[in-house]
Amino acid sequence: NQGDETGWTPFMWACHGGWVRVVALFLERGADPSLVDEEGRAALFTAAYGREHSGSDHVAVIRLLLEDGRVAVDAREKEAGWTSVYGACCLGHTE
C-alpha cells in the first residue's frame with residue numbers, strides 16, 4: 001500500500017497494466033483498492049484508463065475490483081471530475 005511520490009502504489013500500477021494475476025495476488029495479500037493518488041485516482045480509475053498491451057486484461061481487473069467491493073464506482077478524479085466509467089468509455093473499454 002506504499003505509494004510513490006505521486007501516491008501510486010504497486011497495486012495501482014498492476015491495475016493500470018491490466019495484470020490480472022498480479023492484481024489478484026495483491027488483493028489476496030491485503031492491497032487497499034480504495035487508496036487514491038494525489039489526483040484523487042484509485043485503482044479502478046487506473047484500470048479503466050490503462051492501455052491494452054500483450055497479456056493485459058483490463059476488463060478482468062475491473063471485475064476483480066468490483067467483486068472486491070471496496071471501490072467507489074462513482075468516485076471522481078480531482079482535475080476534470082472524470083469517473084472510471086468515463087475513462088473506460090473514452091478508451092473503448094465498453095465490455
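I count a residue as buried when its relative accessible area is under 20%. By that cut-off Cys15, at 0% relative accessibility, is buried. A reminder to myself before going on: this is a predicted model.

**Entry 1: the cysteines**

I searched the whole structure for disulfides and found zero. Cys15 is in none, and the nearest cysteine sulfur, in Cys89, lies 18 Å away. Next I asked why Cys90 has no bond to Cys89. The two sulfurs are 7.2 Å apart, and Cys89 holds the closest cysteine sulfur to that of Cys90, so the gap is too far for a bond; my cut-off for a disulfide is 2.5 Å. Is Cys90 buried, exposed or in between? I read a relative accessible area of 48% for Cys90, which makes this residue partly exposed.

**Entry 2: the overall fold**

I then stepped back to the chain. I counted five helices and zero strands, and reading along the sequence gave me the pattern α-α-α-α-α. I compared the radius of gyration with the rule for a compact globule: 95 residues should give a value near 12 Å, and the chain has 12 Å, so the two agree. Along the principal axes, I could fit the C-alpha atoms in a box of roughly 30 × 30 × 25 Å. I also noted that 40% of the 95 residues count as buried. For contacts between residues at least 6 apart in sequence, I found that 65% join residues at least 24 apart.

**Entry 3: helix H4**

I looked at H4, residues 58–68. Which residues of H4 are buried? My list has His58, Val59, Ala60, Val61, Ile62 and Leu65. I wanted their partners too: the buried residues of H4 pack against helix H1 (10–17), helix H2 (20–28) and H3. Just after H4 comes Gly69, and I noted its positive phi, near 85°.

**Entry 4: the largest pocket**

Last, I went looking for pockets. The largest one holds about 240 Å³ of space. I found 14 residues lining this pocket, and the closest to its centre are Ile62, Val85, Ala88, His93 and Glu95. Ile62 was already on my list of buried H4 residues. Which helices supply at least two residues each to the lining? I wrote down H3 (43–48), H4 (58–68) and H5 (84–90). Sorting the lining by type, I got nine nonpolar, three polar and two charged residues.

How values were computed: Residues are numbered from 1 along each chain as its sequence is written. This is a predicted model: local features need pLDDT of at least 70, side-chain atom pairs count only at pLDDT 80 or more; totals for chains, interfaces and linings use all residues. Side-chain values use heavy atoms; hydrogens and water are left out. On a 1 Å grid over the protein atoms alone, a cavity is a set of points where a 1.4 Å probe fits but cannot get out, and a pocket is an open set with protein on both sides within 12 Å along at least five of seven lines; lining residues have an atom within 4 Å of a point. Grid points are joined across faces, edges and corners, and a volume is the space filled by probe spheres set on the points. Helices (H or I, at least four residues) and strands (E, at least two) are DSSP runs, numbered from the N terminus. Ala, Val, Leu, Ile, Met, Phe, Trp, Tyr, Cys and Pro count as nonpolar, Asp, Glu, Lys and Arg as charged, and the others, Gly among them, as polar. Buried means under 20% relative accessible area, exposed over 50%, partly exposed in between (1.4 Å probe, protein chains only). Contact means heavy atoms within 4.5 Å. The radius of gyration is taken over C-alpha atoms; the globule rule is 2.2 Å times the number of residues to the power 0.38.
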